[in-house]
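Subject: Structure for your review

Dear colleague,

Please find below the structure I am handing over to you. A summary of what was found in it follows.

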Amino acid sequence: MQIKVLVAYASRYGSTQEVAEAIAITLRENGLVVDLEPMREVKVLEGYTAVVMGAPLYMLHWHKDARGFLSRHREALRDRPVAIFALGPFHDEEEDWKEAREQLDEELAKFPWLTPIAIEIFGGKFDPAKLRFPDNLIAILPASPLRKMPASDIRDWTAIRAWANDLAMQLQPALPQ
Ligand SMILES: Cc1cc2nc3c(=O)[nH]c(=O)nc-3n(C[C@H](O)[C@H](O)[C@H](O)COP(=O)(O)O)c2cc1C
C-alpha cells in the first residue's frame, strides 16, 4: 500500500518552511510519498493517508494559517492521522520550551475534535534585520522581550529528523521492512 503524506506549513520568515522541507525529505527517505505545500494553498486532503502540520508561534498564538487550516479541513483531518509541530523558542531554556508548549496546547484546545498522533515544539530562528512590519515595531517596544535580542537559530536538525523518522515508523507499519 502506498502511503501518501501531506506536509503542510505556514511560515512568515522561512524558518518553519525549512523545517517542513527537512521533514518531507526524511519521510521520503523512509519510503513515503510526500507532498509539501503552504497550508493556505491546500484545497482538499483527499488522497492523503496522513497530514503533518507545521507553523510558528507568534505573539502567544499559532500562525493564523494553521488555525484556518484546522477549521477548513475539520472533517478530513478527523478521519486521518495528523502530526503537529510548531516553532517558537529562541533560547534553549526549560521555561521557554514550557511556555511555547503551553501556547500551542492552548491553541489546540480550541479544536477538541483533533487527536494528533504526535505534537512537537522545535526551536525557532530570529533575525532582527529581516523583520517586517509590524514585527519590526513590536521588537523595539521598550517592554518587548525581543528588544536588543541578537540573531539566533536554535533549530536542532538532528531532533527534527529524528522526529520525522519516528513519525515514518508510526505511519508505515504496512510497508515491507
Ligand atoms: C514578533 C515575534 C513574536 C514571536 N512570538 C512568539 C511567541 O509568542 N511564542 C514563541 O514561542 N515564539 C515566538 N516567536 C518566535 C517565532 O516562532 C520563531 O522566530 C519562528 O522560527 C518563526 O518562524 P518563521 O520563520 O517560519 O516565520 C516570535 C517571533 C517574532 C519575530
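What percentage of the 177 residues of the chain count as buried? The figure is 44%. Please bear in mind throughout that this is a predicted model.

Overall architecture

The chain contains six helices and eight strands. Read from the N terminus, these elements follow the order β-α-β-β-β-α-α-β-α-β-β-α-β-α. The chain is as compact as a globular protein of its length, because its radius of gyration of 16 Å is close to the 16 Å that the globule rule gives for 177 residues. Along the principal axes, the C-alpha atoms fill a box of roughly 55 × 30 × 25 Å. Among the contacts in the chain with a separation of 6 or more, 80% are between residues 24 or more positions apart.

Surface and charge

The exposed area of the chain is about 9,700 Å², of which carbon and sulfur atoms supply 53%. As for charge, there are 21 positive and 26 negative side chains in the chain. The centres of these two sets lie 7 Å apart.

Arginine 155

One residue that may merit your attention is arginine 155, which is located in the loop between strand 8 (152-153) and helix 6 (157-171). Is arginine 155 buried or exposed? Its relative accessibility is 8%, and buried means under 20%, so arginine 155 counts as buried.

The side chain of arginine 155 takes part in two polar pairings that I would mention. With the side chain of aspartate 153, the side chain of arginine 155 forms a polar contact of 2.7 Å. In addition, a polar atom of the arginine 155 side chain lies 3.1 Å from the backbone oxygen of serine 15.

Leaving aside residues up to four places away in sequence, arginine 155 touches Ser15, Glu18, Val19, Leu87, Gly123, Gly124, Lys125 and Ile160. For one of these, glycine 123, the C-alpha atom is separated from that of arginine 155 by 4.7 Å, although the two residues are 32 residues apart along the chain.

Glutamine 103

A second residue to consider is glutamine 103, found in helix 4 (residues 94-108). Glutamine 103 has a relative accessible area of 19%; the cut-off for buried is under 20%, and therefore glutamine 103 is buried. When residues up to four places away in sequence are not counted, glutamine 103 touches Leu57 and Leu60.

With kind regards

Notes: Residues numbered from 1 in each chain as written. Predicted model: local features only at pLDDT ≥ 70, side-chain atom pairs only at ≥ 80, totals over all residues. Heavy atoms only, no water. Helix = DSSP H or I, 4+ residues; strand = E, 2+ residues; numbered from the N terminus. Buried < 20%, exposed > 50% of the residue type's maximum accessible area, 1.4 Å probe, protein only. Contact = heavy atoms within 4.5 Å. Polar contact = N/O pair within 3.5 Å; in protein donor to acceptor, adjacent residues only side chain to side chain. Rg over C-alpha atoms; globule rule 2.2 N^0.38 Å. Areas by Shrake-Rupley, 256 points an atom, 1.4 Å probe, with all protein chains shown as cover. Lys, Arg positive; Asp, Glu negative; His and termini not counted. Charge placed at Lys NZ, Arg CZ, Asp CG, Glu CD.
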